[in-house]
Amino acid sequence: MLYWTRECPSVRSASRVLRFLRHEPFAVAGGAIYFVIVVVAVFADELAPYDPRAILKLGSRIARYQPISAQHWLGTNSSGRDVLSQVIWGTRSALEVGLTAAIAVVAIGTVLGLLSGYLGGWVDRVITWLADIVLGLPFLPFMLVLAALTHPGTGIVVFSVAALLWPNTARVIRAQVLSLRERAWVEAARVTGCSTTRIMFVHVLPQVLPLAALYGSVAIGWAILAEASASFLGFGDPTAISWGVMLQEAYANQALSRGAWNWFAPPGAAIMAMVLAGFLISRGSERLLFPKLADQ
Amino acid sequence: MTALLQAEGLQKTFHSRGREVHAVQNVSLSVSPGEALGIVGESGCGKTTTARMLLRLEEPSAGRIMFDGADITNAHGRHLIAYRARAQLVFQNPFDALNPRFTIRRSLTEPLRNFAIPVSEHQDRIESVMRRVRLVPAESWLDRRPHELSGGQLQRVVLARALISGPSLIVADEPVSMLDVSVRAGILNVLRDARDSLGLAALYISHDLALIRYVCEQTIVMYLGRIVEQGPTAELISRPAHPYTRALVAAVPVARVEQNREGLPIRGSLSDAPPDPSGCLFRNRCPSVMPRCATEAPTLRTIAPGRMVACHLEGAM
């Protein structure tokens, strides 16, 4: 009789969180990766052995193409900059792009999903129609055209991710809201005088927030991939220190044919780790949000 | 005595897959201040839809609703809020009637806030309403969340939330059908005591004639969206006029092991409703069907003071 209140995602106790941590090593691993990245980004100043922009000298010559050594743990690149310092500083721009885009995706997707699911009628039709169109747009060409028409930079990347990724969140939130609005306590909110806005944002929204956060963690990975692709193709911010720009420089200087894997492997691994973290977290929290799926 | 709540010619038509479903047809009723009216009927007879229209949770397709002399059929904004503060609902399923994220205190504060009751009064109101539903001491309940409470306790909270704004009318839609038999009487007594001391009018929706007899002075029997009989509860049960009411009365279980009961006077189920809506909707199941029933729909007529029945049977008693 009590199953729907007991299994409701909102009802979370400390013991439940602990149990979750023990049973979901994937989610814990994902969280750990995020944690490390955040710490590195915050303390980038202290952690980076060199100024990532500084062109290092070796005597009177520029210290380019340095192999891995005690001075340069990951060597230097073609312009004589320290690779490790760039990877460390890259966490900042990755987090910046990732978090801004994720927040934008979650905000747009959640609000539109909420309006669409709760209000129904023409609002629902317009939003669903918009979502269908946006889902049909190919991501990379959209971003490249946009960057070509305006000026390249991280703003375009964030905008593109937000503009193209919200439908995924909106659809899931809408479906969730459609089922929540039939619950008696939503009706109770109407009877006790709540305005439609209050029902949507005070009563229903908190119930879908965990789900929205889940889609946010996926969006972080997407945004970082998008930033890397845009930078790699030369549409990013060329002055930024980011993993994508590093890959682009490595590519432009024939890192592969030189066998200089220390130029592209570290930023590549960093991107992978961060995208993976988002995936791991979403997989783990899926079980927390939809306990019934786990049984099947 | 002027009616507190009065509905005239309420209709509700749902459209589903190109078909029209007449959930409620031409229902008129009135509830006087302090009076308890019961609506009985089986599932799908339109009793819940009627209650939802009366509370403005469902828009009527036609008809008029008056509350305390004001037409609230199309009230909105400020007027609707004012109506909501005076007409409250007790839900059927207490496990789903409270926001699972809200503490009991927050669920009770929600109506106070929405009905613009000064914050200084909140604590007093909450404590007095918790006393009324016998959840004492209030402080030991207020900071809990719904999943920590049992069904009976939850229903008391739901009742408290309905009473906290000081309404004049309570609509109770199957208020105890989801509860264990052992706690039903407790809830019904709390509801009755609250009505007695506050002078509340009530509208009970139920399929259970025994419950209606326990709490209601007046009763309406509905069948397939129409009122088939109405009158004072005691009379209606002791001398049912409509064949359908007779069947409902005969179906009430009796607490006797060796009972000599006749079979139900009617046969079939709701789905046997005649496809042709002209004539009486009950004719396919009626034991006293006449040729006239297929051609002419019976309208409500008065058979005794305060008693009305929609049946062609002469002096149907």
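## Close-up views of a predicted two-chain model

**View 1. An open sheet of four strands in chain B.** In this predicted model, four strands of chain B line up in the order 2-1-4-5 to make an open sheet, with antiparallel pairing. Strand 2 (19-31) and strand 5 (70-71) of chain B sit at the edges, so to speak with a free flank, since each pairs on one side only. Helix 1 (residues 47-54) of chain B packs on this sheet and touches strand 1, strand 2 and strand 4 (62-67) of chain B. The direction of that helix makes about 115° with the direction of strand 1 of chain B.

**View 2. Strand 1 of chain B and its two partners.** Zoom in on strand 1 (residues 5-16) of chain B, which is joined to strand 2 of chain B by nine bridges, the two running antiparallel. Which residue of strand 2 stands opposite B:Ser16? That would be B:Arg19. Further along, B:Phe14 faces B:Val21 of strand 2 of chain B. The hairpin made by strand 1 and strand 2 of chain B has two residues between the strands, and there B:Arg17 takes a positive phi near 45°. Strand 1 of chain B also pairs with strand 4 of chain B, through five bridges and again antiparallel. Here B:Ala7 has B:Ile65 of strand 4 as its bridge partner.

**View 3. Strand 8 of chain B, covered on both faces.** Now move to strand 8 (residues 201-206) of chain B. How many of its six residues are buried? Six of the six are. On one side you'll find B:Ala201, B:Leu203 and B:Ile205, and on the other B:Ala202, B:Tyr204 and B:Ser206, all of them buried. Strand 3 (residues 36-40) of chain B runs parallel to strand 8 of chain B and is joined to it by five bridges. Strand 7 (residues 169-173) of chain B is likewise parallel to strand 8 of chain B, with five bridges between them. B:Leu203 is a handy residue to pick out in this view: it is the bridge partner of B:Leu37, and it is the bridge partner of B:Val171 as well.

**View 4. Helix 3 of chain B and the helices around it.** Helix 3 (residues 104-114) of chain B is where confidence in chain B is highest, at a mean pLDDT of 95, whereas helix 11 (residues 292-295) of chain B has the lowest, at 86. The buried residues of helix 3 of chain B are B:Ile104, B:Ser107, B:Leu108, B:Thr109, B:Glu110, B:Pro111 and B:Leu112. What do these buried residues pack against? They meet helix 4 (119-132), helix 5 (139-142) and helix 6 (151-163) of chain B. Just past the end of helix 3 of chain B, B:Ala116 takes a positive phi of about 55°.

**View 5. Where chain A touches chain B.** Here 21 residues of chain A are in contact with 25 residues of chain B. On the chain A side, helix 1 (3-6), helix 9 (184-191) and helix 10 (196-232) each supply at least two residues. Helix 9 of chain A gives the most, with six residues. By type, the residues on the chain A side split into eleven nonpolar, six polar and four charged. As for scores, the model comes out at ipTM 0.85 and pTM 0.81.

**View 6. A:Val145 in helix 7 of chain A.** A:Val145 lies in helix 7 (residues 139-149) of chain A. Is A:Val145 buried or exposed? It counts as exposed, because 12 C-beta neighbours fall inside 10 Å, and the cut-off for exposed is 12 or fewer. A:Phe235 is 90 residues away from A:Val145 in sequence, yet the two C-alpha atoms are 9.9 Å apart in space.

**View 7. Chain B, zoomed back out.** Chain B has eleven helices and twelve strands. The radius of gyration of chain B is 21 Å, close to the 20 Å from the globule rule for 317 residues, so chain B is as compact as a globular protein of that length. Its C-alpha trace spans about 65 × 50 × 45 Å along the principal axes. Buried residues account for 44% of the 317 in chain B. Of the contacts in chain B between residues at least 6 apart in sequence, 62% link residues at least 24 apart. The mean pLDDT of chain B is 88, with 94% of its residues at 70 or more.

Definitions and conventions:
Residues are numbered from 1 along each chain as its sequence is written. Chains are lettered from A and ligands numbered from 1 in the order in which they are written. This is a predicted model: local features need pLDDT of at least 70, side-chain atom pairs count only at pLDDT 80 or more; totals for chains, interfaces and linings use all residues. Two strands pair if DSSP finds at least two bridges between them. Two residues are in contact if their C-beta atoms, placed from the backbone, lie within 7 Å. Axes are lines fitted to C-alpha atoms, for helices over the stretch in contact, and angles run from 0 to 180 degrees between N-to-C directions. Ala, Val, Leu, Ile, Met, Phe, Trp, Tyr, Cys and Pro count as nonpolar, Asp, Glu, Lys and Arg as charged, and the others, Gly among them, as polar. The radius of gyration is taken over C-alpha atoms; the globule rule is 2.2 Å times the number of residues to the power 0.38. A residue is buried if 20 or more other C-beta atoms lie within 10 Å of its own, exposed if 12 or fewer, and partly exposed in between; C-beta atoms are placed from the backbone. pLDDT is the predictor's confidence in each residue, from 0 to 100.
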